[in-house]
Amino acid sequence: DGQCVKQECTPGELFCVGNSVGLCSEDGTDVEIVQVCSNQQQCINGACDPPFITYWARTFGNGGNDYIHDMVVDDEGNVYVAGFFTGAPDGTITTAGGSDILVAKLDSSGETVWVKFFGGNLDDRAYGIDIDASGHVYVIGEFKSGTIAFGDKTLTNQGWLSGDGFLLKLNQYGNPLWARSFGSNKYDAGVDVAVDSEGTPW
């Protein structure tokens, strides 16, 4: 009952992140991250040739609806994902209100390195993620809360209830370095981000 919403292909490897209904919880939608590969160890056109071998699979979610919208894999096989949650994805953290932003790093074995949550009293969501050569993480999305805090940086929504876009930079440990908002009194959101060789996000 799941759907692969993002694939990331590196030589000989295919990572798939999807949203699976009822995989671990009967109360909502959970997230599954899977690393698979073909016997031929080949990647063609962004996907691996079958038959597939599952190296590892990780699922998280605990009631509510949890979604991953984007994923990127670095040269060491670490996996970075961004999305949002409405329940308690790790069984302990709950939303500040509505949906909250989720950013996570997994190592090449699928073990969690770190998970970060950000949110205000309304719906806040991450839609895109990328990394630079130094391991910094860039996340883009939207926030409908009146204010949202990323570490010691607080952003204010110019179009409260309609949503503003945000761009967030994290260090290699997942701690916020800076955050920027963009928007008007209408609905605004950022849906994707790419970082060039100079470390500039676009």
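## Cores, strand E15 and a pocket

The largest nonpolar core in this predicted model has 20 residues, and those with the most contacts inside it are Ile-101, Ile-129, Val-137, Val-139, Phe-150, Phe-166 and Leu-168. A nonpolar core here is a set of buried Ala, Val, Leu, Ile, Met, Phe, Trp, Tyr and Cys residues joined through side-chain atoms within 4.5 Å; buried means under 20% relative accessible area, exposed over 50%, and partly exposed in between, with a 1.4 Å probe and protein chains only. Strands that give two or more residues to this core include E9 (100-106), E11 (124-131), E12 (137-143) and E15 (164-170). Strands (E, at least two residues) and helices (H or I, at least four) are DSSP runs numbered from the N terminus. Apart from that core lies another, of 10 residues, Val-79, Val-81, Leu-102 and Ala-104 among them.

A word on ground rules: the model is predicted, so local features need pLDDT of at least 70 and side-chain atom pairs count only at pLDDT 80 or more, while totals for chains, interfaces and linings use all residues. Residues are numbered from 1 along each chain as its sequence is written, and side-chain values use heavy atoms, with hydrogens and water left out.

Now for E15. Seven of its seven residues are buried, and that goes for both faces: Asp-164, Phe-166, Leu-168 and Leu-170 sit on one side, with Gly-165, Leu-167 and Lys-169 on the other. Here's how E15 pairs up (two strands pair if DSSP finds at least two bridges between them):

| Partner of E15 | Bridges | Sense | A bridge pair |
|---|---|---|---|
| E12 | seven | antiparallel | Val-137 and Leu-170 |
| E16 (176-182) | six | antiparallel | Arg-180 and Leu-167 |

The hairpin of E15 and E16 has five residues between the strands, and Gly-174 takes a positive phi near 85 degrees there.

Back in E12, Val-137 touches residues including Tyr-80, Trp-114, Ile-129 and Leu-168, not counting those up to four places away in sequence; contact means heavy atoms within 4.5 Å. Glu-142 also belongs to E12, and counts as buried because its relative accessibility is 5%. Beyond four places in sequence, its contacts include Arg-125, Tyr-127, Phe-166 and Tyr-187. The C-alpha atoms of Glu-142 and Arg-125 are separated by 5.5 Å, though the two are 17 residues apart along the chain.
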